[in-house]
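Q: Got a minute to go through this one with me? Let's start inside and work outwards.

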Amino acid sequence: ETSMRSAFVNVLLAQEMIELRREQLILAERSAKETARLVKAARSSQVEQTRAQLDVKQQRFALQQAERELTTAKSILASLWGELEDVQFNVAGKVVLLQDTPNFATLASKLTETAALARYYAEKRTREAALDLEHARATPDIQAFAGSRYFNQEDGNIGFVAGIQVPWPLFDRNQGNIRTAGAQLRAVEHKREAVRRELLINLNQAYQQLLGAQADAAIIQSELLPASEATWRDTEKGYKQGQFTQLAVLESRRALFEVREAYLDALRRYGTAQAQIKALTQPANL
């Protein structure tokens, strides 16, 4: 289930990256046309036109890379669906950042309800029952008897006979089987604790990734993105007024799209961590 969720998030964000790359290419082509017009009017140098044309080629290459990454992401998701042939599809959805993230202790408390640990609790009960049985077998079954007896060989007298029947292993106390059952019980407890610690480590790693991605996305959305958008708009405006060069425009645009790409990457890391946490804490009965 973790793989399925992560693959879905990867396809979803790869689609958004395609749109981002297309937007970059459109802007680069628009700038190249504008620069060519300025060069023709002798208002800009040939170097700036060459730089603008290079930017178009770079953005076209970046779009091709994004398309290949989307194809790969779709192929992985289709394989998880059981589709072996090339399937054309798009996914719809949105990675939502939770406002109230559960604390780690709450998530960790759910581990005991998962299938990975539930099997050890069931096996522990079985081993405890086996140990109780061996302890019960350690108590000898002592039987007492009494009754009359007729002595025909002598003078026909009748006597009263009493006795106790004790099993032979009176002093064995079944200690060997008790030790074996106890060792098997302890082995189950050790295995359960080892698995619990491993799950706890994996959960903590996923949780820290979730918090980190959530913090990154929040900062990008509230601070970096508005600042980079404002810088790009001001640079574009200044360029048209002759205050900035084409290089300044390209740099401000590149900075903006790097921030937008970082936001998509934060969402990808958040979605992946969210899927891992859900899988690790999924109750055994679901």
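Q: What does Val 95 touch, leaving out residues up to four places away in sequence?
A: Val 95 touches Val 9, Leu 12, Leu 13, Leu 267, Tyr 270 and Gly 271. Contact means heavy atoms within 4.5 Å.

Q: Before we go on, what are we looking at, and how is it numbered?
A: This is a predicted model, where local features need pLDDT of at least 70, side-chain atom pairs count only at pLDDT 80 or more, and totals for chains, interfaces and linings use all residues. Numbering runs from 1 along each chain as its sequence is written, and side-chain values use heavy atoms, with hydrogens and water left out.

Q: Back to the core. Which residues touch the most other members in the largest one?
A: Val 95 and Ile 277, in a nonpolar core of 48 residues. Such a core is a set of buried Ala, Val, Leu, Ile, Met, Phe, Trp, Tyr and Cys residues joined through side-chain atoms within 4.5 Å. Buried means under 20% relative accessible area, exposed over 50%, partly exposed in between, with a 1.4 Å probe and protein chains only.

Q: Which elements give two or more residues to this core?
A: Helices H1 (2-40), H2 (46-80), H5 (175-240) and H6 (246-280). The largest share comes from H1, with 13 residues.

Q: What's the overall fold pattern?
A: Along the sequence it reads α-α-α-α-β-β-α-α. That is 6 helices and 2 strands. Both are DSSP runs numbered from the N terminus: helices are H or I, at least four residues, and strands are E, at least two.

Q: How much of the chain is buried?
A: 33% of the 286 residues.

Q: Ser 6, buried or exposed?
A: Ser 6 counts as buried because its relative accessibility is 11%. Ser 6 sits in helix H1. Beyond its neighbours within four places, Ser 6 contacts Thr 272 and Ala 275.

Q: Switching to pockets. What volume does the largest one have?
A: About 360 Å³. The volume is the space filled by probe spheres set on grid points, joined across faces, edges and corners. On a 1 Å grid over the protein atoms alone, a pocket is an open set of points where a 1.4 Å probe fits, with protein on both sides within 12 Å along at least five of seven lines; lining residues have an atom within 4 Å of a point.

Q: Which lining residues are closest to its centre?
A: Glu 34, Leu 38, Glu 236, Tyr 239 and Lys 240, out of 21 that line the largest pocket. H1 gives the most to that lining, with 7 residues.
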